[in-house]
Amino acid sequence: MGRFHRHDDNDHGHDHGHGHGHDHGHGHDHGEVPGGRFGDVIGDHSGYETGTERVTVLERIFGENERTAEANRADFDAAGVTVVNLMSSPGAGKTTLLRETLRRLHDRHRIGIIEGDIATSLDADRLEGFGAAIALVNTDDGFGGECHLDAPMVRSALPRLPLSELDLIIIENVGNLVCPAEFVVGEHARAMVFSITEGEEKPLKYPVMFRTADLVLVNKIDLLPHLDFDLGAFYANLRAVNPKAATLEVSARTGQGLDAWCSWLTTVTARSPGAA
């Protein structure tokens, strides 16, 4: 398989016009995603008047995102490439997991990575050396940076990836348990990495993220003997918000469960509408 070179991009080349009321302390709401794939209602609007202007802005934002996501999906399908959107909170272990994934799959699949981060190329740099095509998208716009990747940001990365030469693209979304779940980007599947160091209550506190995941990777499982973490309670909480999600217990450090994760990626790639 040929090797590809990463082209860093600290300017994702478009103006979102997002003014979308993000409170990066995450006490925010985005309303209902109009026509979204996942269709979740975000936030509780019962305590105040939303206002016509706010609703109009939200509809414009999500409408633009949805149209761009459809264009992304069309390009992915035309190229025969499968796309997995990988999400998590900061520090859950996405990059370490991806590094080990590339180590295992680089000789079986032609893989591209869209690396989303607010600033720096640190995570993208860690993924070098395994033959993957890597496109970095920094979301820092000079005002703190977006806490997620949206469809236009993903689209800005596509010219820097050889789509027709890839089988699989993994999007490493910005670390955040709220915002990434609200924006479809044209992906075929969603996976999230949950670290057991985060606490078993997280599915109840951040239901949209867990509800939209096709697969939940329960990471850092090697630490279970050393933590006051109730694994059974976590699974009960997860089932309460998403009874259909598949789960895998993994450790990016020890390698536990990574073969099963790689098999899941291979299966998703084979079943994708865009797969040849």
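Buried means under 20% relative accessible area, exposed over 50%, and partly exposed in between. The close-ups below apply these terms to a predicted model.

**View 1. Lysine 202 and glutamate 201 form a salt bridge.** The closest N and O atoms of this pair are 2.8 Å apart. Lysine 202 has a relative accessible area of 13%. That lies under the 20% limit, so lysine 202 is buried. Its partner, glutamate 201, reaches 30% relative accessibility. Glutamate 201 therefore counts as partly exposed. The count for the model comes to eight salt bridges, and two further pairs appear in the next views.

**View 2. A salt bridge joins arginine 155 to aspartate 75.** Here the closest N and O atoms are 2.9 Å apart. The two residues belong to distant parts of the chain, 80 residues apart. Arginine 155 sits in helix α4, residues 151-157. Aspartate 75 sits in helix α1, residues 52-79. Which side chains of this pair are buried, and which are partly exposed? Arginine 155 is partly exposed, because its relative accessibility is 32%. Aspartate 75 is partly exposed as well, with a value of 30%.

**View 3. Arginine 103 meets glutamate 100 within helix α2.** This salt bridge has its closest N and O atoms 3.2 Å apart. Why are the partners separated by about one helical turn? Arginine 103 and glutamate 100 are three residues apart in helix α2, residues 94-105. Glutamate 100 is buried, at 16% relative accessible area. Arginine 103 is partly exposed, at 40%. The contact extends into a network of salt bridges that links Glu100, Arg103, Arg104 and Asp259.

**View 4. The largest pocket draws on α2, β4 and α3.** About 320 Å³ of space lies in this pocket. Its lining counts 28 residues. Pro90, Gly91, Ala92, Gly93 and Lys94 lie nearest the centre. Elements giving two or more residues to the lining are α2, β4 (111-117) and α3 (122-126). By class, seven lining residues are nonpolar, twelve are polar and nine are charged.

**View 5. Strand β3 is largely enclosed by the rest of the structure.** The strand spans residues 82-88. Seven of its seven residues are buried, which means that β3 is largely enclosed. In a regular strand, side chains alternate between the two faces of the sheet. On one side of β3 stand Thr82, Val84, Leu86 and Ser88. On the other stand Val83, Asn85 and Met87. Both sets are buried, leaving both faces of β3 covered.

**View 6. Strand β3 pairs with β6 and with β7.** The pairing of β3 with strand β6, residues 168-172, is parallel and has five bridges. Leucine 86 has glutamate 172 as its bridge partner in β6. β3 and β7 also run parallel, joined by five bridges. Valine 84 faces alanine 189 of β7 across this pairing. Methionine 87 stands opposite methionine 192 of β7.

**View 7. Strand β7 is mostly covered.** Seven of its seven residues are buried. One face carries Ala189, Ala191, Val193 and Ser195. The other carries Arg190, Met192 and Phe194. Both faces of β7 are covered. Which strand pairs with β7 over five bridges? It is strand β8, residues 215-219, in the parallel sense. Within that pairing, methionine 192 stands opposite valine 216 of β8.

**View 8. Phenylalanine 194 stacks with phenylalanine 234.** A search of the whole structure finds seven aromatic pairs. In the stacked pair of phenylalanine 194 and phenylalanine 234, the ring centres are 4.3 Å apart, with 5 degrees between the planes. Phenylalanine 194 lies in strand β7, residues 189-195, and phenylalanine 234 in helix α7, residues 231-241, so the pair ties together parts 40 residues apart in sequence. Both phenylalanine 194 and phenylalanine 234 are buried. Ring pairs also draw these two into a cluster with Phe210, Phe229 and Tyr235.

**View 9. Valine 154 lies in helix α4.** Valine 154 is buried, because its relative accessibility is 0%. Valine 137 is 17 residues from valine 154 in sequence. Their C-alpha atoms are 7.9 Å apart in space.

Key:
Residues are numbered from 1 along each chain as its sequence is written. This is a predicted model: local features need pLDDT of at least 70, side-chain atom pairs count only at pLDDT 80 or more; totals for chains, interfaces and linings use all residues. Side-chain values use heavy atoms; hydrogens and water are left out. A salt bridge is a side-chain nitrogen of Lys or Arg within 4 Å of a carboxyl oxygen of Asp or Glu. Helices (H or I, at least four residues) and strands (E, at least two) are DSSP runs, numbered from the N terminus. Buried means under 20% relative accessible area, exposed over 50%, partly exposed in between (1.4 Å probe, protein chains only). On a 1 Å grid over the protein atoms alone, a cavity is a set of points where a 1.4 Å probe fits but cannot get out, and a pocket is an open set with protein on both sides within 12 Å along at least five of seven lines; lining residues have an atom within 4 Å of a point. Grid points are joined across faces, edges and corners, and a volume is the space filled by probe spheres set on the points. Ala, Val, Leu, Ile, Met, Phe, Trp, Tyr, Cys and Pro count as nonpolar, Asp, Glu, Lys and Arg as charged, and the others, Gly among them, as polar. Rings of Phe, Tyr and Trp (its six-membered ring) pair if their centres lie within 6.5 Å; planes under 30 degrees apart count as stacked, over 60 as edge-to-face and the rest as tilted. Two strands pair if DSSP finds at least two bridges between them.
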